[in-house]
Amino acid sequence: METKDARKFPVEFSGPAKDVDTFEITLPTGYVVDDLPPAVDADFSFASYHSKSEVQGNLIRYTRTFEVKELSVPSSRAAELKKFYRIIAGDERNTAVLKVVTQ
C-alpha cells in the first residue's frame, strides 16, 4: 500500500472477517495505572477497527476488533485504505504508552 505509484487494481480481501482480541494483565500489588492510551474508532464502509483499554481493580484489559465488511476496495479508494491501516499501526504503537507506577 505504501508506494508512490497510483494503484491500478482493487484491493481484494480473502473473505469477510471479524477478529476480536482481548488481552488482560494483572498488576502486581502496589502498582497502579497512571495513564491509558486513548480509544480508537475507525469506521469505513469497507472495514472497521475499534480498540480500548480499561482498568478494573488490578486488571488491565485491552480489547480490539477488526472487521472486513467489503471484499473489494476499488483503486479509487486506496488513499482511504492507507489511512485506515495507518490508524491501526498508530494504535498498535500507542499501546506501549501505558504507564504503570508504584503507589
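Mentor: One definition before we start: axes are lines fitted to C-alpha atoms, for helices over the stretch in contact, and angles run from 0 to 180 degrees between N-to-C directions. Keep in mind, too, that this is a predicted model.

Trainee: Got it. At what angle does helix α1 run to β5?

Mentor: Helix α1 takes in residues 78-94 and lies across three strands, β4, β5 and β6. Since angles here are taken between N-to-C directions, the value tells you about direction as well as tilt. For α1 against β5 it comes to about 20°.

Trainee: And the sheet itself: what is the order of its four strands?

Mentor: It's an open sheet, and its pairing is antiparallel. The edges are β2 (17-26) and β4 (40-43), as each of those pairs on one side only. On average, neighbouring strands are turned by 10° against each other, direction ignored. Reading across, you get β2-β6-β5-β4.

Trainee: How many bridges join β5 to β6?

Mentor: Strand β5 covers residues 47-56 and β6 covers 59-68, and the two run antiparallel. Two strands count as paired from at least two bridges. For β5 and β6 the number is 10.

Trainee: Which residue in β6 does Ser53 stand opposite?

Mentor: Look along β6, residues 59-68, where it runs antiparallel to β5. The residue opposite Ser53 is Tyr62.

Trainee: Let's stay there. Is Tyr62 buried or exposed?

Mentor: The cut-off for buried is under 20% relative accessible area. Tyr62 has 12%, so it counts as buried.

Trainee: Phe23 and Tyr62 have rings that pair, so what kind of pair is it?

Mentor: It's one of six aromatic pairs. The ring centres of Phe23 and Tyr62 are 6.1 Å apart, with the planes at 20°. Planes under 30 degrees apart make a pair stacked, over 60 edge-to-face. That makes Phe23 and Tyr62 stacked.

Trainee: How many residues apart in sequence are the parts that this pair ties together?

Mentor: One ring sits in strand β2 (Phe23) and the other in strand β6 (Tyr62). Phe23 is partly exposed at 41% relative accessibility, whereas Tyr62 is buried at 12%. Along the sequence, the pair spans 39 residues.

Trainee: What about Phe84 and Tyr85: what kind of pair do those rings make?

Mentor: Their centres lie 5.6 Å apart and their planes meet at 65°. Phe84 is buried at 0% relative accessibility, while Tyr85 is partly exposed at 33%. With the planes over 60 degrees apart, the pair is edge-to-face.

Trainee: Which residues form one aromatic cluster?

Mentor: You've just met two of its members, Phe84 and Tyr85. The full set is Phe44, Phe46, Phe66, Phe84 and Tyr85.

Trainee: On to charges. Which residue forms a salt bridge with Arg64?

Mentor: The search turns up six salt bridges in the whole structure. In this one the closest N and O atoms are 3.1 Å apart, and the link runs from strand β6 to strand β2 over 43 residues. Arg64 is partly exposed at 21%, and its partner is likewise partly exposed, at 29%. That partner is Asp21.

Trainee: Which residues do salt bridges that share partners join into one network?

Mentor: Arg64 and Asp21 are already paired in a salt bridge. Through shared partners, the network consists of Asp21, Arg64 and Glu92.

Trainee: Which side chain meets Arg61 in a salt bridge?

Mentor: Again the link goes between β6 and β2, here with the partners 37 residues apart. Arg61 is buried at 17%, and the partner is partly exposed at 49%. At 2.8 Å from N to O, the other side chain is Glu24.

Trainee: How far apart are the closest N and O atoms of Asp43 and Lys69?

Mentor: Asp43 lies in strand β4 and Lys69 in the loop between β6 and β7 (72-73), so this pair ties together parts 26 residues apart in sequence. Asp43 is exposed at 54%, and Lys69 is partly exposed at 38%. A salt bridge has to fall within 4 Å, and this one comes in at 2.6 Å.

Trainee: Last one: what separates the C-alpha atoms of Leu36 and Tyr62?

Mentor: Leu36 sits in the loop between β3 (31-35) and β4, partly exposed at 28%. Along the chain, Leu36 and Tyr62 are 26 residues apart, and their C-alpha separation is 9.9 Å.

Note on methods. Residues are numbered from 1 along each chain as its sequence is written. This is a predicted model: local features need pLDDT of at least 70, side-chain atom pairs count only at pLDDT 80 or more; totals for chains, interfaces and linings use all residues. Side-chain values use heavy atoms; hydrogens and water are left out. Contact means heavy atoms within 4.5 Å. Rings of Phe, Tyr and Trp (its six-membered ring) pair if their centres lie within 6.5 Å; planes under 30 degrees apart count as stacked, over 60 as edge-to-face and the rest as tilted. Buried means under 20% relative accessible area, exposed over 50%, partly exposed in between (1.4 Å probe, protein chains only).
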